[in-house]
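Work through the exercises below with the sequence and the structure at hand. Each task is followed by its solution in steps.

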Amino acid sequence: MLVTGNEILQDAHKKGYGVGAFNVNNMEIVQAIIEAAEETNSPVILQASQGGLKYAGIEYVAELGKLAARNAKVPVAVHLDHGTDFDQVMLCIRHGFSSVMIDGSRFELEENIGITKKVVEVAHAVGVSVEAELGKIGGTEDHITVDEKDATFTDPKEAKIFVDETNVDSLAIAVGTAHGVYKGAPELDFDRIKTIKEILNIPLVLHGSSGVPDESIEKAVSLGINKINIDTDLRMAFANAIKKFLKEDPDNIDPRKILGPAKAAMKEVIKDKMKLFGSAGRA
Ligand code: G3H
Ligand code: ZN
């Protein structure tokens, strides 16, 4: 069933577990996520990044996501990932997204508050949940790159001001993760997660969660992370399965045969994540 981000994340926040938000670009990825969620009885968030929207087009992404969500036996939210501006968020709401992110983290505090507040007012008026970001998460996601030197951790005092002024539903915080493939294991600032959770008491979001060691994810969830964004790990499972298949059967030209193992590999990765995050059995 299609639900809002809030319906999923408020339960996770109250009960102390994490929910995976997986990036979608095509039908096979959507199907892999929904099948994994149904097999583990887990709520789940399908999210479209800027690159995903550009690749598939907003109509395809929205309709695929909504169809999958409506037919699913578990709660599914369709979410805009790293929304760039007010107009894009409005377009996604018009296309039926049940949750949106407005990412004003590139701006100074006041400007980030301004744009987030404007989005929250409109989104809440039509029952759509809003995620915002404070602090700068390093790495590259699609075309958005933040140099390591420019990455800044979220300041708890600023976070309090930000949430009070914007009334946002969930907050993405910068605590040591980065988008894309890690060179070494990331070190998370667990004390910062704990402090921010105590001060805000709302669902917190961890971006750049692919490649983060399982123990770190478990600890982050125990301290208050409720939404866990995964893209790179799915890309890896997808690409590795296709490479393996074509190495073993180089003359095969059937897209269904080639994409089948990729979908199956992603599904296994997603199921493991759902168990790790604690969302399995919560639907
Ligand atoms: O918004 C999406 C993510 O933060 C995904 O990051 O590719 O490092 O898993 P990742
Ligand atoms: Zn992200």
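A salt bridge is a side-chain nitrogen of Lys or Arg within 4 Å of a carboxyl oxygen of Asp or Glu. The model used here is predicted.

**Exercise 1.** Decide whether the side chains of Asp254 and Arg256 form a salt bridge, and classify each residue as buried or exposed.

Step 1. The N to O distance between the two side chains is 3.1 Å, and they meet in a salt bridge.
Step 2. Buried means under 20% relative accessible area, and exposed means over 50%.
Step 3. Asp254 has a relative accessible area of 18%, so Asp254 is buried.
Step 4. Arg256 is at 68%, so Arg256 counts as exposed.

**Exercise 2.** Locate Lys227 and Glu131, which meet in a salt bridge, along the chain.

Step 1. Their side chains are 2.8 Å apart, N to O.
Step 2. Lys227 lies in strand β11 (residues 225-230) and Glu131 in strand β5 (residues 129-134).
Step 3. With their positions 96 residues apart, the pair links distant parts of the chain.
Step 4. Both Lys227 and Glu131 are buried.

**Exercise 3.** Find the edge strands of the open sheet with the order β7-β6-β9.

Step 1. The sheet has 3 strands with mixed pairing.
Step 2. β7 (144-146) and β9 (178-179) each have a single partner strand, so they stand at the edges.
Step 3. Strand β6 (residues 138-141) pairs with β7 in the antiparallel sense over 3 bridges.
Step 4. Gly139 has Val146 in β7 as its bridge partner.

Note on methods
Residues numbered from 1 in each chain as written. Chains lettered and ligands numbered in written order. Predicted model: local features only at pLDDT ≥ 70, side-chain atom pairs only at ≥ 80, totals over all residues. Heavy atoms only, no water. Pairing = 2+ DSSP bridges. Helix = DSSP H or I, 4+ residues; strand = E, 2+ residues; numbered from the N terminus. Buried < 20%, exposed > 50% of the residue type's maximum accessible area, 1.4 Å probe, protein only.
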